[in-house]
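Reader: I would like to learn how to read contacts, burial and sheet packing in a model such as this one. Could we begin once the structure is in view?

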There are 2 protein chains.
Amino acid sequence: MTTISDVAKKAKVSTATVSRVLNNSDKVRPATRDRVGEIIKELNFVPNVNALGLQRKKTKTIGLIFPDASAYYFAEIIQGINRHLSQNDHQILISSAHDEEEEIKTINGFVKGGRIDGLIMMMPSASDYKGLMIPLINNKIPVVLIACEIDAPRATTLLLDNYNSAKEMVHHLSDLGHKRIAFIHGGKHNYDAKERYRGYVDGRKEFQLEEREELEVVGNFTEASGYQSTITLMQRNPRPTAIFAANDAMAIGAIEAARVLKLSVPLDLAIVGFDDISSAAYTDPGLTTVHVPLRRLGHLAAESILKNLNMDPSERTTEKIIIPLQQVIRKSCGSKQESV
Amino acid sequence: MTTISDVAKKAKVSTATVSRVLNNSDKVRPATRDRVGEIIKELNFVPNVNALGLQRKKTKTIGLIFPDASAYYFAEIIQGINRHLSQNDHQILISSAHDEEEEIKTINGFVKGGRIDGLIMMMPSASDYKGLMIPLINNKIPVVLIACEIDAPRATTLLLDNYNSAKEMVHHLSDLGHKRIAFIHGGKHNYDAKERYRGYVDGRKEFQLEEREELEVVGNFTEASGYQSTITLMQRNPRPTAIFAANDAMAIGAIEAARVLKLSVPLDLAIVGFDDISSAAYTDPGLTTVHVPLRRLGHLAAESILKNLNMDPSERTTEKIIIPLQQVIRKSCGSKQESV
DNA sequence: CTGAAAGCGCTTACAG
DNA sequence: CTGAAAGCGCTTACAG
């Protein structure tokens, strides 16, 4: 490994000077700057990041915590984050933990170990994050929370407008004449799922639809659970005329279940989802859903982190950004006009 | 930030002693070990990773390079890698670059900057990686290559048995009576796609099927391209009786195209894919495909890295591991018996 | 068993 | 404009 003193020796200057040209300091004579620059090139010298980190207390790396599940969902977000961050010369250190306790330990290690400059957290099933936020706040590194509601002072929280979009979906179904709309929940602990459910509940109230408990069933965001939930729902009495699945994967399972039950979608049963994953356009019938701009979400997270990185901790504000979502009308809801 | 000397001061010992208890050195008296341990706990002390890295020349982080595309595919692999690595106290630094040149620069920075201890690369469209491998070999960090064939001495290469599985799929279709099997290619530069194509070509030769060029069309691994490719194929004369798509997303697009063309799958047209993504079981009809164990792939990559990390560079061997794949028979091929 | 000291590879105030 | 020196937070041979 070539070090700064190798360069210094070869260029017959001090390491301080090499350091200065490395950092584009203006107080270095052009002639020596060029000479040293040559040697740096020649030796293919890259400064040691650990030494830099130790000195500057900045590592140019952002920690990224994400849950173990829903790989697809998070992958897209990560790509969005990564693209923006790497353009700005920052790296991503990822970690995916199973439970909260492990998560707290990881974060604590990252932050107190000086491994990261900022943190982006996606943990939709967060519960009590007081204990989690404390080390972060104390250490004053910027934090972005994606899809979880935690009281986090001076952090940026990025939220999808699940609630209004879900309500709007109920509205749409109601407009199509449905009175008995079932909901397949994504999981009691998932933030997005809970918000979508809340929108559903308020929507059916607002549009004066049936409100019985038999219209609700809990899945876990997988196709299999959507399938099973639909079988269950259709055995109940009275049957729903429409099913609103909290995500597309479950909606896909629901469509398959309808097929097995010999029900026509949307004639016998309307089915709608949420997320607009790439195959939603290729189900039969095409799935009516809500588009979630995952990469953009990632991009926004990266932007926020970068902005706060260059800010004095005392100047950082508590931001909550709610991203409006677009309904995508296809055939599975029975609507005449498609939006795509 | 609390440092080792804060601990030392409070425990009334030298930093050397604190360091020793931190590293479980045996030459420290139990009494002092316990006392220092208490203080460490009390102060919630975590050693600074940059200082550690500078000293030990180990960062306990593994670099992970992956392409910009196919988020789903890679996300699962990453989860597999991460699970195993994090259990062994290692982190993952990710980077996804757009072109090779950028990739080489990134890798060079990671390695020469002392940022990583090992590297896992997924770049299915790698071409010439001589220039890329050189800094790695010189720096003697272990390397795992996933799904790309590069001549990389002392590296571990993890490959899917695309070739044989594709051939087997052709065999299966041939057994079902198909003579004219079309292939939707995944992209000229993608390793997996090329291997699957090779298996297809050799398979149709081996089973004496039609070999005309009109049976081939190039997609790009998306549903949309599978859809479009199928429309194209079915306009040709003579039409294929079966379509083998190089991945499931394209097969899903193909099924949709068949539907639009009012063709029954599998009666008028058999369709098979590759990957066995989670929704493949929920297409109509269920998609016959080849299961790719993504998490296992990730796990194997992590294992290899970890093994080589603890090995003298001179002892490292060049390994090529080919993972056999399992065919998954569902309805879309027209077979009577399903395997799942 | 424990401490003083040197060193890992950088940066930066200080002096010149 | 440039260099000597101290320091970032650790580890580890060396001496005791």
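**Reading one residue and one sheet**

Author: Setting aside neighbours within four places in sequence, Asp275(B) is in contact with Tyr73(B), Arg196(B), Asn247(B), Asp248(B), Thr289(B), Val290(B), His291(B) and Val292(B), where contact means heavy atoms within 4.5 Å. This is a predicted model, in which local features need pLDDT of at least 70 and side-chain atom pairs count only at pLDDT 80 or more, while totals for chains, interfaces and linings use all residues. Residues are numbered from 1 along each chain as its sequence is written, chains are lettered from A and ligands numbered from 1 in the order in which they are written, and side-chain values use heavy atoms, with hydrogens and water left out.

Reader: Is Asp275(B) buried or exposed?

Author: Buried means under 20% relative accessible area, exposed over 50%, and partly exposed in between, with a 1.4 Å probe and protein chains only. Asp275(B) has a relative accessible area of 9%, and so is buried; Asp275(B) sits in the loop between strand E9 (270–272) and strand E10 (289–291) of chain B.

Reader: How is the open sheet of chain A ordered?

Author: Strands (E, at least two residues) and helices (H or I, at least four) are DSSP runs numbered from the N terminus, and two strands pair if DSSP finds at least two bridges between them. The four strands of this open sheet follow the order E7-E6-E8-E9 (chain A), with parallel pairing. Its edge strands, E7 (216–218) and E9 (270–272) of chain A, each pair on one side only.

Reader: Over how many bridges do E8 and E9(A) pair?

Author: Strand E8 (residues 242–245) of chain A pairs with E9(A) over three bridges in the parallel sense, and Ala242(A) has Ala270(A) as its bridge partner in E9(A).
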